[in-house]
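Here is my note on the structure, as numbered points. Please read them with the sequence and the model open.

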Amino acid sequence: MMYYSTNHSSPDVTLRDAIVHGLAPDRGLYMPERIPSIPKAFFRHIGEMSLHEIAYVVANTLFGDDVDSEELRNIVADTLGFDIPLRKVDDNRYVLELFHGPTLAFKDVGARFMAHMLSHFHSKEKSTGDVNVLVATSGDTGSAVANGFLNVPGVRVFVLYPYGKVSPIQEAQFTTLGGNITAIEIDGTFDDCQSLVKSAFIDDELNKAMHLTSANSINVARFLPQMFYYYHAYARMVQEGVDPEQIVVAVPSGNFGNICSALIAKRMGLPIKRFIAANNRNDVFLRYLNTGEYNPGASIPTIANAMDVGEPSNFARILDLYGNDHAAIKADISGCSYTDDQIRSTMREVYDSTGYILDPHGATACRALGEQLLPGEKGIFLETAHPAKFKDTVEDAIGARVQIPSRLAAFMRGEKSTVRLSRQFPAFKKFLLSQIQ
Ligand SMILES: *Cc1c(COP(=O)(O)O)cnc(C)c1O
């Protein structure tokens, strides 16, 4: 399968090139040249299939031309080495818990899958040295990418994060790993980290000296595997005996990579009725739905901070998938935007009435279902992070203690190792060049 750029002014590339380069030369995002369909028969038995069986069929449909099936099976098994349970929260709402992976965040799956794919294609060209993954993080992405890529051969990871602006738990998840993971603390903001990474990608000297790539959700190998969640969610609902034509999924959204994979899954044949993109106060997508105009701006800080995005990078993919048809987009997705107070009160109400502990991100999607489900519909919302990752915020909101899972506590006991740099590009470049092996 070939991949084209959403800007349509650079050549189509192979899967390998789309993964290794991340962004197209014309700054567009890669999309599969055709959306393959999954045979209808598959959906008749999906309720009896396991997560691994389902994910393998989906992975093979997308990547089967490019990666041999045995290897793909191993990649899927290693990527999904934990459970993704669906739980009933109240009469009409179910939650799919995506936070049982290594860093308790939904990004674990995409990161691990991408690491394997990068390693797979890279291992065929041994002479070229390591691939160096640069990732800027305000917290969650860095930990998922670092853990996903840990000990994957032929790949080194540099995580850039703003000094003093990442929570101790988040910091511990990418500064204590060692091995092929290097954490770099920048005297500056998250935007400074991001701009250092961007400067590195366009620096000729650096790109001649070392092989650089990114691991954010613009990468096809990171965002596409997220569609496993939606097939799995659908299967578990069918197993529960829910009417398969009345399923609505609400997705806490920031860069819109996760929901974009869901929309592609729907196009492949997954019979989810419709989606809700749940947002915090960063409401650029909701405004687009309401007006047809897209006006990205600076991000607004909120308590659901992994969704503080003012210019969602995957918006271009959604537009492309729907051929810029605003009405068609509105037919498949609705939106919503909540203030921090609304997010807190949702956490409290749901805890008080059901005992379920939401994290601030999942809370937006849970609330959206409460407001937007129509009679007869059943809703699933995604829980994208374990509530313990936002312990103080959650405890304040619900007035009860949140247990820290042992996996998270283990990171806190590790020894922190980090390099501290200024936000000036020359210093960062010099450091990277010193790391060539
Ligand atoms: C990244 C993230 C999101 C948003 O996902 P997108 O694919 O960027 O829309 C939501 N919740 C949490 C906890 C995240 O880390």
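1. Status of the model. This is a predicted model. The points below go from the ligand site to the strands, then to the salt bridges and the backbone.

2. Ligand contacts. On K107, a polar side-chain atom is 2.4 Å from an oxygen atom of the ligand. Two further contacts come from the backbone: an N or O atom of G257 lies 3.2 Å from a ligand oxygen, and an N or O atom of N258 lies 2.9 Å from a ligand oxygen. On its own the ligand has 380 Å² of accessible area, and the protein covers 96% of that.

3. The shell around the ligand. The ligand is surrounded by 15 residues, and the closest are K107, G254, N255, F256 and T384. By class, the shell holds six nonpolar, seven polar and two charged residues.

4. The N-terminal sheet. An open sheet is formed by three strands in the order β2-β1-β3, with antiparallel pairing. Its edge strands are β2 (13–14) and β3 (30–32), each of which pairs on one side only. Strand β1 (residues 2–5) is joined to β3 by three bridges, and the two run antiparallel. Within that pairing, S5 has Y30 of β3 as its bridge partner.

5. Strand β5 and its partners. Is β5 enclosed or open to the outside? Five of its five residues are buried, so β5 is largely enclosed by the rest of the structure. The cover is on both faces: R93, V95 and E97 are buried on one side, and Y94 and L96 are buried on the other. This split follows a general pattern, in which side chains of a regular strand alternate between the two faces of the sheet. β5 pairs with β4 in the antiparallel sense over three bridges, and Y94 in β5 has K88 opposite. With strand β13 (residues 378–383), β5 shares five bridges and runs parallel. There, R93 stands opposite G379 of β13.

6. The β4–β5 hairpin. Four residues make the hairpin connection from β4 to β5. N92 is in the loop between β4 (86–88) and β5 (93–97). This residue is partly exposed, at a relative accessible area of 35%. Its C-alpha atom is separated by 8.3 Å from that of L373, although N92 and L373 are 281 residues apart along the chain.

7. Salt bridges between separate elements. The model has 20 salt bridges by the distance rule used. As background, side chains of opposite charge can pair when their charged atoms come close. D65 and R34 form one such bridge, with 3.9 Å between the closest N and O atoms. The cut-off is within 4 Å. D65 is in the loop between α3 (51–63) and α4 (69–79), and R34 is in the loop between β3 and α2 (40–45), so the pair ties together parts 31 residues apart in sequence. D65 counts as exposed at 57% relative accessibility, while R34 counts as partly exposed at 44%. In a second bridge, R112 meets D78 with the closest N and O atoms 2.7 Å apart. R112 belongs to helix α5 (residues 107–122) and D78 to helix α4, so this pair ties together parts 34 residues apart in sequence. D78 is partly exposed, at 36% relative accessible area.

8. A salt bridge within a helix, and a network. E395 and K391 meet through their side chains in a salt bridge of 3.0 Å, N to O. They are four residues apart in helix α18 (residues 391–398), which means a separation of about one helical turn. Are E395 and K391 buried or exposed? Both are buried. A network of salt bridges also links E171, E185 and K416.

9. Positive phi angles. H8, which is not a glycine, has a positive phi of about 55°. H8 sits in the loop between β1 and β2 and counts as exposed at 56% relative accessibility. N324, also not a glycine, has a positive phi of about 65°. N324 is in the loop between α14 (315–321) and α15 (326–332), and it is exposed with a relative accessible area of 55%.

Technical notes:
Residues numbered from 1 in each chain as written. Predicted model: local features only at pLDDT ≥ 70, side-chain atom pairs only at ≥ 80, totals over all residues. Heavy atoms only, no water. Near = heavy atom within 4 Å. Polar contact = N/O pair within 3.5 Å; in protein donor to acceptor, adjacent residues only side chain to side chain. Areas by Shrake-Rupley, 256 points an atom, 1.4 Å probe, with all protein chains shown as cover. Nonpolar A, V, L, I, M, F, W, Y, C, P; charged D, E, K, R; others polar. Pairing = 2+ DSSP bridges. Buried < 20%, exposed > 50% of the residue type's maximum accessible area, 1.4 Å probe, protein only.
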